[in-house]
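Here is a short report on one protein chain. It covers the domains, the contact between them, and a few local features.

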Amino acid sequence: MKFTRLALYFVALIVFVQACKTTDSGVISYDPPGRTTETQELDYHHKRTIGIAETGVWATNEFVGGRMNDFYRVDGDHYRIKIHPENAPINWSSWYSIKLWSETDQTITLELAYEDGYHRYIPKLSHDSVNWTALDTTQFVHDREAGTATFSLDLNSDPVWVSAQELFLSEHIYAWVDEISALEFVETSVIGQSHLGKDISKVVVNKTGNPDAPMIIVTGRQHPPEIPGSMALEVFMNTFLSDEPEAMAFRSRYQVVAYPLLNPDGVDGGHWRHNHGGVDLNRDWRDFNQPETRAVAEDLLEYKERDVFVLYGLDFHSTIYDVFYTMNSDIETNIPGLSDRWLEGISAILPNYEIREEPFGVATPVAKNWKYHTFNNNGVTYEVGDNTPRELVADVARAAAISLMREVLQLEVSSR
Ligand SMILES: [Zn+2]
């Protein structure tokens with residue numbers, strides 16, 4: 001019996017690892033057969049604050065990015081938070097974010113229990129929703145059979161956020177876009193709206209004076225809980241805005257065209273994976289049933305019409321570890337071997353950082369592959385590990401930007 005359970009656990013783990021390896025760029029797709037990207041109805045997520053009268057313990061999801069579907073006392077000091085996805089079936093990216101407090105000082109045992117998914121993200125605590133501390137693995141019990149996580153939590157009248165990752169919401173990304181728009185070589189615009197009418201922002205970094213200068217395309221945050229990917233995108237972009245010699249040389253010859261937030265509704269709605277149309281946006285790059293993907297593709301097709309040369313494409317995500325999903329080496333592109341040289345350049349800057357690369361074909365309807373089919377460029381799905389230390393996330397993103405600039409500055413690519 002013990003052995004069977006262990007075997008089942010390993011099978012589940014392998015299936016999970018395969019799903020993670022393949023969901024963003026995959027050949028073997030996690031997606032259920034027959035799935036489309038046509039708009040689906042979302043399961044209703046009550047925004048509410050729940051108090052336990054006998055013990056004075058409270059929990060709420062009434063904040064942007066919150067997710068809690070139910071909260072109750074199981075017995076004694078044991079409380080359970082129920083967490084459901086926005087709709088199912090869905091990839092196992094079980095986002096939760098709750099705020100708790102107590103009328104008196106007490107320690108509770110909090111269990112995170114899921115519908116249509118299992119525990120994935122290490123709980124992070126905060127008293128101001130700005131500074132976060134992750135529990136270490138000795139501080140919680142991850143029951144892999146039940147798919148739950150349980151830990152002790154000290155409560156008092158000062159509320160504590162318990163969240164799957166740091167809250168990194170649309171307001172943060174919009175504020176960053178706003179801030180960099182003050183730079184003379186940055187132009188920002190709104191190219192479309194989400195289902196709920198939120199802006200799909202565009203950032204262009206270009207000092208050439210030529211709107212058709214060869215360009216790098218950056219996309220991000222299609223998947224709401226993938227916060228380390230969003231952090232990496234911001235550092236990557238900021239490096240192009242910096243006074244580094246490579247950045248100044250790059251800006252005078254080339255441009256970066258970036259769409260940093262494709263799924264603002266999912267981010268602010270505390271979704272696990274989908275947009276407000278109940279769809280995985282990174283499966284919609286063929287049918288374009290969703291307004292967010294459509295807006296970005298239509299904007300990029302204007303560059304295609306003007307025959308603008310695309311140097312490279314990057315799409316930022318997160319999964320269980322850092323990995324670069326590149327393209328199989330037999331795929332012919334406009335700059336042969338660029339991904340290899342780019343990754344070698346990252347290694348040269350960060351010799352102690354181990355690069356993990358997994359190449360794929362270009363058949364699936366993900367952003368990277370659509371860019372390739374449209375512009376014939378090399379590209380990557382840039383995956384940052386859920387638990388990668390945030391300073392390392394920034395170091396790698398900076399090195400990735402510098403290495404890419406160095407490589408393309410050596411080329412003789414001219415403007416049309
Ligand atoms: Zn993703």
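How far apart do the C-alpha centres of domain 1 and domain 2 lie? They lie 32 Å apart. This is a predicted model.

## Two domains

The domain assignment splits the protein chain in two. Domain 1 covers 42–163, and domain 2 covers 170–409. Their contact draws 25 residues from domain 1 and 19 residues from domain 2.

## The contact between the domains

About 1,600 Å² is buried between domain 1 and domain 2. Carbon and sulfur atoms give 57% of that area. Which three residues of domain 1 supply more of its buried area than any other three? They are Leu42, Glu86 and Trp95, with 31% of what domain 1 buries against domain 2.

Polar links are present too. Between domain 1 and domain 2 there are 10 residue pairs in polar contact, counting pairs with both residues at pLDDT 80 or more. On the domain 1 side, the residues touching domain 2 divide into 10 nonpolar, 9 polar and 6 charged. The count of salt bridges between the two domains is 1. The side chains of Arg120 and Asp386 meet in a salt bridge, at 2.9 Å from N to O.

## Aromatic pairs

The whole structure has 18 aromatic pairs. One of them joins Tyr114 and Trp272. Are these two rings stacked or edge-to-face? The pair is edge-to-face, with 70 degrees between the planes and 6.3 Å centre to centre. The planes are over 60 degrees apart, so the pair falls in that class.

Tyr114 sits in strand β6 (residues 106–114), while Trp272 sits in the loop between α5 (264–268) and α6 (291–305), so the pair ties together parts that are 158 residues apart in sequence.

## Salt bridges

In total, the structure holds 16 salt bridges. Side chains of opposite charge can pair when their charged atoms come close. Arg273 and Glu226 make one such bridge, at 3.5 Å from N to O. Arg273 lies in the loop between α5 and α6, and Glu226 in the loop between β14 (215–220) and α3 (227–240), so this pair ties together parts that are 47 residues apart in sequence.

## Backbone exceptions

Most residues other than glycine have a negative phi, and most peptide bonds are trans. Two sites depart from this pattern.

A cis peptide bond joins Ala88 and Pro89, with omega about 0 degrees. Pro89 is in the loop between β4 (78–83) and β5 (97–102). Ser129 has a positive phi, near 60 degrees. Ser129 lies in the loop between β7 (124–126) and β8 (133–134).

Terms used: Residues numbered from 1 in each chain as written. Heavy atoms only, no water. Domains from an automatic or database assignment. Contact = heavy atoms within 4.5 Å. Buried area = accessible area lost by both parts, 1.4 Å probe. Salt bridge = Lys/Arg side-chain N within 4 Å of Asp/Glu carboxyl O. Polar contact = N/O pair within 3.5 Å; in protein donor to acceptor, adjacent residues only side chain to side chain. Nonpolar A, V, L, I, M, F, W, Y, C, P; charged D, E, K, R; others polar. Phe/Tyr/Trp six-rings, centres within 6.5 Å; stacked < 30°, edge-to-face > 60°. Helix = DSSP H or I, 4+ residues; strand = E, 2+ residues; numbered from the N terminus.
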